[in-house]
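Colleague: Could you walk me through reading a strand and a nonpolar core?

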Amino acid sequence: MDLSKFPRRRLAFLPTPLVELPRLAAAMAGSRGSPRLFMKRDDQTGIATGGNKARKLEFLVGDAIARGCDALITGGAAQSNHCRQTAAAAAACGIDCHLVLGGEAPLRPEGNLLLDILLGASIHWSGPRRKGEDMPRVAEELRSAGRSPYVVPYGGSCAIGALGFADAARELGDQLAAAGIAPSRIVFASSSGGTQSGLMVGSRLFGLEGSGGRPPEICGIYIDKTEGEGIDFADRVLSLANETAELAGLRPRFDAGDVVLRREFTGEGYGVVGELERRAITLAAGTEGILLDPVYTGRAMGALLSLVESGEIGKDETIVFWHTGGTPALFAHAEELLPRG
Ligand SMILES: Cc1ncc(COP(=O)(O)O)c(C=O)c1O
């Protein structure tokens, strides 16, 4: 099975490295005995400091170009990594980018927002609506001005975008086979669902092999406390996985039992940095020299740390933690990240 029939604009540096993190694993486990811990470094995908959206954007931008579009529109929070990478992808392809961002224009842009501006994106502020709700209005305005915009959905999470992560499962499978590694779980931050559904599809499509001859558990750590539009997030992942499976020609379909989602680590809500995130970020930086981000990977690594500390993940397991990027947001959260006192 290959995905070559889909238009794709190469943007990312692939494959991203798969590295073992023995010092972080040992620090996590204390005297209990550590699991083997690997990290898939999608913070190294390249475009504008890297991140998981580069994989989705290769298929989304490929589709936009195939349709003759001359502008990308997307939306999200002011510190959206997805928006920053979309702006970079548009710049790299010589097309315009319009970002619909939640909140109001700050006096001093920082982190991802600073990069959006440097990348030349036009910014439309949308107040309390931080999930791109105003994108159709901006699209209509551009159409009325004779332009041909392509709307990249929130988080790049539609079936076309998720193909990027189906292909990422193939890439990981090749690396695991070459290194003789059979993971029990793949752990990552899940927020708009494209990463998770793409990995679910890719795991089946390309026969990802885990420990004990079973496929590895695709374990999403839920990031955002609020469920969007009254739709349960696990249902959203399920339907996106099935739409992506349909597009890729995969049968049989998924059912609710196939979605593994841990929801107990959302703390004070989206983007609120607490002790869980602070500890995980400091530990990864101090033991391996690896920077996580405060919103997604810091929370997901904090969740993994909790699962190791509680004994749910023991020394017989092999884990792949998928680093999905987001490091520019560190610079917008300095106060919460610095040691207290
Ligand atoms: C750094 C980072 N990690 C993880 C995610 C979650 O990925 P997905 O939206 O595909 O669920 C995002 C999405 O916004 C992100 O920016």
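Colleague: How many residues of strand β3 are buried?

Modeller: Buried means under 20% relative accessible area, with a 1.4 Å probe and protein chains only. Strands are DSSP runs of E, at least two residues, and helices are runs of H or I, at least four, numbered from the N terminus. For β3, residues 71-76, 6 of 6 residues are buried. Ala71, Ile73 and Gly75 point one way, while Leu72, Thr74 and Gly76 point the other. This is a predicted model: local features need pLDDT of at least 70, side-chain atom pairs count only at pLDDT 80 or more, and totals for chains, interfaces and linings use all residues. Residues are numbered from 1 along each chain as its sequence is written, and side-chain values use heavy atoms, leaving out hydrogens and water.

Colleague: Which strands does β3 pair with?

Modeller: Two strands pair if DSSP finds at least two bridges between them. β3 runs parallel to β4 (residues 96-101), joined by 6 bridges, with Leu72 opposite Cys97. It also runs parallel to β6 (residues 149-151), through 3 bridges; there, Ile73 partners Val151.

Colleague: And which residues have the most contacts inside the largest nonpolar core?

Modeller: A nonpolar core is a set of buried Ala, Val, Leu, Ile, Met, Phe, Trp, Tyr and Cys residues joined through side-chain atoms within 4.5 Å. Here the largest has 35 residues, and Leu172, Ile186, Leu199, Phe254 and Trp322 have the most contacts inside it. Elements giving it two or more residues include α6 (159-179) and β10 (318-323). Apart from it lies another core of 33 residues, among them Phe265 and Ile319.

Terms used. Buried < 20%, exposed > 50% of the residue type's maximum accessible area, 1.4 Å probe, protein only.
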